[in-house]
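Colleague: Before I plan anything at the bench, could you walk me through this model and tell me what can be read from it?

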Amino acid sequence: MPETIEVCTLSELPPGAMRLVEHDELEIGVFNCAGTVYAIEDRCSHDDGPLVEGLLDEAQCTVECPRHGSLFDLKTGRPLSLPAYVPVDTFAVLIDGEMIKLEVE
Ligand code: FES
């Protein structure tokens, strides 16, 4: 059964902002890309780079791994450039009034 966790309010994560959420063993990067919120596993599939410390491109909705530069699509978790080639997990985002919530397993 998926569990719902609260992240923060929309005003605390404005467009262009990102934040790390920790839940049990999970580290999740939450990104506001030009007004749409996405959540992906905060661990690059290449060598565990912290994606939430990377560069967010709001036009393309990608984040660049700060370690070796792979670009990840925030919508799908798929890497768009090497060296990473395995997708990272994505998480469903729910907007409940002002509150951003995630569905986690
Ligand atoms: S750790 Fe992300 S590209 Fe190497």
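Modeller: What follows is a set of questions and answers on the fold, the sheets, the core and some backbone details.

Modeller: This is a predicted model, in which local features need pLDDT of at least 70 and side-chain atom pairs count only at pLDDT 80 or more, while totals for chains, interfaces and linings use all residues. Residues are numbered from 1 along each chain as its sequence is written.

Colleague: Which pattern does the protein chain follow along the sequence?

Modeller: Helices and strands are taken as DSSP runs numbered from the N terminus, where a helix is H or I with at least four residues and a strand is E with at least two. By that definition the protein chain has zero helices and nine strands. Read along the sequence, the pattern is therefore β-β-β-β-β-β-β-β-β.

Colleague: What is the radius of gyration of the protein chain?

Modeller: The radius of gyration is taken over C-alpha atoms, and the globule rule that serves as its yardstick is 2.2 Å times the number of residues to the power 0.38. For 105 residues that rule gives 13 Å, and the protein chain comes close to it, so the chain is as compact as a globular protein of that length. Its C-alpha atoms fill a box of roughly 40 × 30 × 20 Å along the principal axes. The radius of gyration is 13 Å.

Colleague: What is the strand order in the open sheet of six strands?

Modeller: Two strands pair if DSSP finds at least two bridges between them. E1 and E9 (residues 99-104) pair in the antiparallel sense over six bridges, with Glu3 opposite Val104 in E9. Six bridges likewise join E2 to E3 (residues 26-33), again antiparallel, and Glu22 has Glu27 in E3 as its bridge partner. The order of the sheet, with antiparallel pairing, is E1-E9-E8-E4-E3-E2.

Colleague: Why is one side of E1 and of E2 left without a neighbour in the sheet?

Modeller: In the six-stranded order E1-E9-E8-E4-E3-E2, E1 (3-9) and E2 (18-23) stand at the edges. One side of each is left without a neighbour because each has a single partner strand.

Colleague: Which are the edge strands of the open sheet of three strands?

Modeller: This sheet has the order E5-E6-E7 with antiparallel pairing. Three bridges join E6 to E7, and Val63 stands opposite Phe72 in E7. The strands that pair on one side only are E5 and E7.

Colleague: Which residues touch the most other members of the largest nonpolar core?

Modeller: A nonpolar core is a set of buried Ala, Val, Leu, Ile, Met, Phe, Trp, Tyr and Cys residues joined through C-beta atoms within 7 Å. A residue is buried if 20 or more other C-beta atoms lie within 10 Å of its own, exposed if 12 or fewer, and partly exposed in between, with C-beta atoms placed from the backbone. The largest core has 24 residues, and E2, E3, E4 and E9 each supply at least two of them. Those that touch the most other members are Val30 and Phe31.

Colleague: Is Ser70 buried or exposed?

Modeller: Ser70 lies in the loop between E6 and E7. Two residues are in contact if their C-beta atoms, placed from the backbone, lie within 7 Å, and, leaving out residues up to four places away in sequence, Ser70 touches Cys44, His46, Cys65, Pro79, Ser81, Leu82, Pro83 and Ala84. Because it has 24 C-beta neighbours inside 10 Å, Ser70 counts as buried.

Colleague: Which residues does a cis peptide bond join?

Modeller: Most residues other than glycine have a negative phi, and most peptide bonds are trans. Here omega is about 10 degrees at the bond in question, and Pro83 lies in the loop between E7 (71-73) and E8 (90-96). The cis bond joins Leu82 and Pro83.

Colleague: Is Asp48 buried or exposed?

Modeller: Asp48 is found in the loop between E4 (36-41) and E5 (55-57), and has a positive phi of about 65 degrees although it is not a glycine. With 12 other C-beta atoms within 10 Å, Asp48 is exposed.

Colleague: How many other C-beta atoms lie within 10 Å of Cys61?

Modeller: Cys61 also has a positive phi, of about 55 degrees, and is found in the loop between E5 and E6 (62-64). Cys61 is partly exposed, and the number of other C-beta atoms within 10 Å is 17.
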